[in-house]
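Please look over the model shown here. A short report on its fold, its metal sites and some single residues comes after it.

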Amino acid sequence: MRILHISDTHIGVGSAFNSEAFEHVFKEVKDGVYDLVIHSGDITQGGRTQEFKKAREILSCTETPCIMLPGNHDARSGGLFLFEKYIGPLNGVREVGDAVIIYVNSAFEDSDQGRVGMVKFNMMRDALNKYGEKPIKILAIHHHIIPIPMAGRERNVLYNAGDILELILKEDLDLVLSGHRHYPNIYQIENTVFINAGTASATKTRYGDINSYNVIEIKDKERKVKTLRIDGKVQQYSFAKRKRRIFSDFGKREFRAIQVANTLISDSRPFLKRNFTNAMATIEELKPDLLVHCGGIVREGIAGDYDYALSLLSEFDFPILYTPAGRDINYLGYYLFPTYFGLIDQRFSNETILFQGISSAQYDSQEGIVGPSQRKALLEKLQSPEDIKAVFLHHNVLPIPHSREKGLLEDSGDLLRDLANARVDLILTGTSSHPFAAQVEDSIVVNANSLSSIYQRSVFGNSFNIIDIYEGAIAVFEVNSLWGRQRLLGIWERNKNTDHS
Ligand SMILES: [Fe+2]
Ligand SMILES: [Fe+2]
C-alpha cells in the first residue's frame with residue numbers, strides 16, 4: 001500500500017502561500033500512483049470560501065481515494081462550516097484495501113490549540129474496536145501528539161494528547177499521520193509509527209527548511225517512509241513491526257532504581273505523611289541501588305518545608321538524586337534546594353550505569369525549559385562509556401493520560417529528539433501526577449505519579465515506580481504508596497550493541 005501524505009498547504013492569497021510549491025505537490029497528487037492521499041489539515045490559510053474552492057481542486061484532480069482533514073487554520077472565520085460544504089465530513093472512518101483510516105477533526109473555532117472532545121474520542125475508540133482485526137490501522141489528525149523538534153516552542157498542542165496516545169498504544173495502531181508544526185518528523189513509539197508531515201506549500205517553514213511531503217509504503221511488517229523536499233532531496237526511514245514476545249528469562253538483575261515525584265512535603269494537608277512513610281518503608285525493603293526524585297520535593301520553596309523534607313529524607317542508606325520542579329525553587333527555594341539537597345544537575349554512575357539529572361524548572365512557573373546550552377552540555381555529559389544511560393528531569397516529554405496537555409516543557413520537541421538520537425535508555429520525568437511508560441525509538445520514557453500528595457490522578461492511588469535493569473531487559477513496575485501493591489507498566493528488551501559515541 002502506498003500513501004501520499006501532504007499537510008499544511010495553507011491555500012490562500014498573499015505571502016503565506018507558496019503557489020509554486022503548491023503546483024509541485026498538486027502535480028504529485030494528480031500524476032503519482034498511490035492507493036490513498038491524506039491531507040492532514042491546514043488546507044487553507046484562513047478558512048475562507050475562495051480558499052476552500054481552490055482546495056476542492058485537490059479532490060477533483062485524482063481518482064485516488066483522498067482524505068482531507070481540517071486544521072486550526074481551516075477553523076478560522078467559521079471555516080469548519082465551509083469545510084463540510086466544499087471538502088467533506090470533518091470526521092470519519094474509511095476502508096481502503098487492507099487498511100482502515102480513522103480521521104478526526106482536532107480543530108475548533110478560533111483557536112490554534114487542538115482538542116478531541118468526548119463524542120469524537122468515543123467514536124475513535126468504537127471504530128478501533130470495530131475494525132480491530134484490520135491488518136493496517138491508521139489514525140489521521142491535524143495536531144501533533146508527540147512534541148516535534150525544530151518547531152520552536154511547544155505550544156498550540158492537543159489538550160487531551162495523553163488520552164489519545166494511550167488509546168493509540170493500547171489499540172496497537174500502525175500509523176498516526178499529523179501535520180501542524182511545519183516540520184517533518186518521524187518516531188516509532190512502541191509499535192506505532194508517528195509521522196508528522198512538513199508543510200507542502202506554506203511559506204512558514206522552519207530553520208531554513210523548504211516545503212516537503214511524505215510517501216509511505218506498507219508491505220507486510222515493514223513500514224517505509226520517505227520525506228521528499230520539493231528540491232528533490234529525499235530522506236528515507238524504515239520501521240519493522242516489533243514482535244510481541246513474552247520474556248521468560250531476563251538474565252541477572254544488574255540494578256534497581258526507584259523513581260518518585262511530587263512528594264510535596266510540608267506540614268499542611270496536601271502532604272500525606274502516612275503514604276510517604278509507608279512508601280519509604282516499602283522502598284527500603286526493595287533494597288534499591290538508587291532513588292531518583294523527579295521533583296516536587298516540597299510543597300513550597302520555604303525553609304520550614306525544606307527542614308521537614310530533609311529530616312524525612314536523610315535517614316536512608318541508599319543514594320538519592322534530586323531534580324527540581326518549579327515549586328522547589330520558588331521563594332527561597334533557589335537557595336534552599338542546593339543547600340539541602342545538592343547541585344541542580346546531579347549525577348550517579350558506576351561502571352555500567354549512568355543517571356544524569358537536568359533542571360527544567362523556572363521560578364514562579366509551572367512551565368519548564370531545558371534550553372539549547374543545557375541540551376548541548378547534556379549530550380556531552382552522555383558521552384561516557386556506561387552501557388545504560390538514564391536522564392531525569394521534572395517536566396514531561398510525552399503527553400500524560402488523564403491530564404490536560406499544555407506543552408509545559410517549552411523545548412520538549414528538541415529534547416526528546418536529542419535523547420532519542422543519543423539512544424538514551426531511560427528518560428524519567430515526574431509531572432502531572434499520573435504514571436505512564438512508553439518506548440520512543442530505543443528510549444523508554446517513564447513518568448512517575450505523586451508519591452504522597454492529595455494531588456494525584458491515578459485510580460491506583462499514590463505510587464512510585466521500580467525500574468529493574470536486567471541483563472536482557474528493563475522492567476518498570478508501579479507500586480502503590482500506601483499498600484505496596486504492584487502492577488507492571490512495561491518490559492522492554494535492552495538496547496543491543498548500543499553505540500553512544
Ligand atoms: Fe499549518
Ligand atoms: Fe495547524
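The report starts with the basis of the values, then moves from the whole chain to the metal sites and to single residues.

This is a predicted model: local features need pLDDT of at least 70, side-chain atom pairs count only at pLDDT 80 or more, and totals for chains, interfaces and linings use all residues. Residues are numbered from 1 along each chain as its sequence is written, chains are lettered from A and ligands numbered from 1 in the order in which they are written, and side-chain values use heavy atoms, with hydrogens and water left out.

## The whole chain

The protein chain has eleven helices and 24 strands. Helices (H or I, at least four residues) and strands (E, at least two) are DSSP runs, numbered from the N terminus. The C-alpha trace spans about 70 × 50 × 40 Å along its principal axes. The radius of gyration of the protein chain is 24 Å, which agrees with the value near 23 Å for a compact globule of 501 residues. That radius is taken over C-alpha atoms, and the globule rule is 2.2 Å times the number of residues to the power 0.38.

Of the 501 residues, 61% count as buried. Buried means under 20% relative accessible area, exposed over 50%, and partly exposed in between (1.4 Å probe, protein chains only). The accessible surface of the protein chain comes to about 20200 Å². Carbon and sulfur atoms hold 48% of that surface. Accessible areas come from the Shrake-Rupley method with a 1.4 Å probe; for residues, only the protein chains shown count as cover.

Now the contacts, meaning heavy atoms within 4.5 Å. Among those in the protein chain with a separation of 6 or more, 69% join residues 24 or more positions apart.

## The two iron ions

What coordinates each iron ion? The table lists the donors. Donors are N, O and S atoms within 2.8 Å of the metal (3.2 Å for Na, K and Ca); water is not among the atoms, so sites may look incomplete.

| Ion | Donors | Distances | Angles among the four donor atoms |
|---|---|---|---|
| iron ion (ligand 1) | Asp-8 (OD), His-10 (NE2), Asp-42 (OD), His-182 (NE2) | 2.0 to 2.2 Å | 89 to 175° |
| iron ion (ligand 2) | Asp-42 (OD), Asn-72 (OD1), His-142 (NE2), His-180 (ND1) | 2.1 to 2.3 Å | 87 to 162° |

The site of the iron ion (ligand 1) is irregular. The arrangement around the iron ion (ligand 2) is irregular because of its angles of 87 to 162°. Four donors count as tetrahedral if all angles lie between 85 and 135 degrees; four count as square planar and six as octahedral if opposite donors are over 155 degrees apart and all others between 65 and 115; anything else is irregular.

In sequence, the donors of the iron ion (ligand 1) follow D-x1-H-x31-D-x139-H. Asp-8 and His-10 are both buried. For the iron ion (ligand 2), the spacing is D-x29-N-x69-H-x37-H.

The iron ion (ligand 2) and the iron ion (ligand 1) are 3.5 Å apart, and Asp-42 coordinates both. Asp-42 and Asn-72 link distant parts of the chain, 30 residues apart. Asp-42 sits in the loop between β2 (36-39) and α2 (49-60), and Asn-72 in the loop between β3 (66-68) and α3 (79-86). Both Asp-42 and Asn-72 are buried.

## Cysteines

How many disulfides does the structure hold? It holds zero. A disulfide is a pair of cysteine sulfur atoms within 2.5 Å. The sulfur of Cys-66 is 7.5 Å from the closest cysteine sulfur, in Cys-61, too far for a bond. Cys-61 is buried, at 18% relative accessible area. Cys-66 is buried too, at 10%.

## Loop residues

Ser-106 lies in the loop between β5 (99-104) and α4 (118-130). Its relative accessibility is 0%, so Ser-106 counts as buried. Beyond four places in sequence, Ser-106 touches residues including Arg-115, Leu-158 and the iron ligand His-142.

Ile-344 is in the loop between α9 (333-341) and β16 (347-349). Ile-344 is partly exposed, with a relative accessible area of 29%.

Most residues other than glycine have a negative phi. Asn-262 has a positive phi of about 45°, and Ser-433 has one near 50°. Asn-262 is buried at 9% relative accessible area, and Ser-433 at 8%.
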